[in-house]
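Me: I am new to this structure and would like a close look at one part of it. Please also tell me how far the model can be trusted.

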Amino acid sequence: MSKQVAGATDEQLEQLAALFRLLSDRTRLNLLMLLSDGEKNVTSLCETLRLPQPTVSHHLGLLRMSNVIGNRRNGKQVFYSLNGRVDTGPEHTLQIGVENFTVRIAPGGAVVHT
């Protein structure tokens, strides 16, 4: 039997937990914050983060597979951007929608709203 906690089903809580696992990495959070300023290619992200291309591409792939970011190809270059699931707010905040919840990430921490 599924137990509800604070108005959430087990499935919804698992989706939130998966999102928090994804966002628990500093590099992935940095990537999201950088992409909140607009579309960027892998080279510029590597230069800004001072990380090798395979590392940045790995983290971008995880974010893309979780539908947090999107990408487009222009010749040999791949450009990444936030997708419709992630919105930017004032003062470098990000809002990520999961089912009936919104996770708001601000420099001071994260808050979940229903």
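Over which residues does pLDDT stay under 50, and how many contacts beyond four places in sequence does the model have for them? And which residues of helix H4 are buried?

Reply: This is a predicted model, in which local features need pLDDT of at least 70 and side-chain atom pairs count only at pLDDT 80 or more, while totals for chains, interfaces and linings use all residues. Residues are numbered from 1 along each chain as its sequence is written, and side-chain values use heavy atoms, leaving out hydrogens and water. The predictor's confidence in each residue, pLDDT, runs from 0 to 100; it stays under 50 over residues 1–5, for which the model has five contacts (heavy atoms within 4.5 Å) beyond four places in sequence. Across the protein chain the mean pLDDT is 84, with 89% of residues at 70 or more.

Helices (H or I, at least four residues) and strands (E, at least two) are DSSP runs numbered from the N terminus, and H4 covers 53–65. Its 13 residues should span 18 Å at 1.5 Å a residue (times one less than the number of residues), which agrees with end C-alpha atoms 18 Å apart. Buried here, meaning under 20% relative accessible area with a 1.4 Å probe and protein chains only, are Val56, His59, Leu60, Gly61 and Leu63, and these residues pack against H1, H2, H3, strand E2 (69–74) and E3. One of them, Leu63, is touched by Leu32, which also touches Val68 and Ile69 among others. After H4 comes Asn67, with a positive phi near 60°.

Terms used
Buried means under 20% relative accessible area, exposed over 50%, partly exposed in between (1.4 Å probe, protein chains only).
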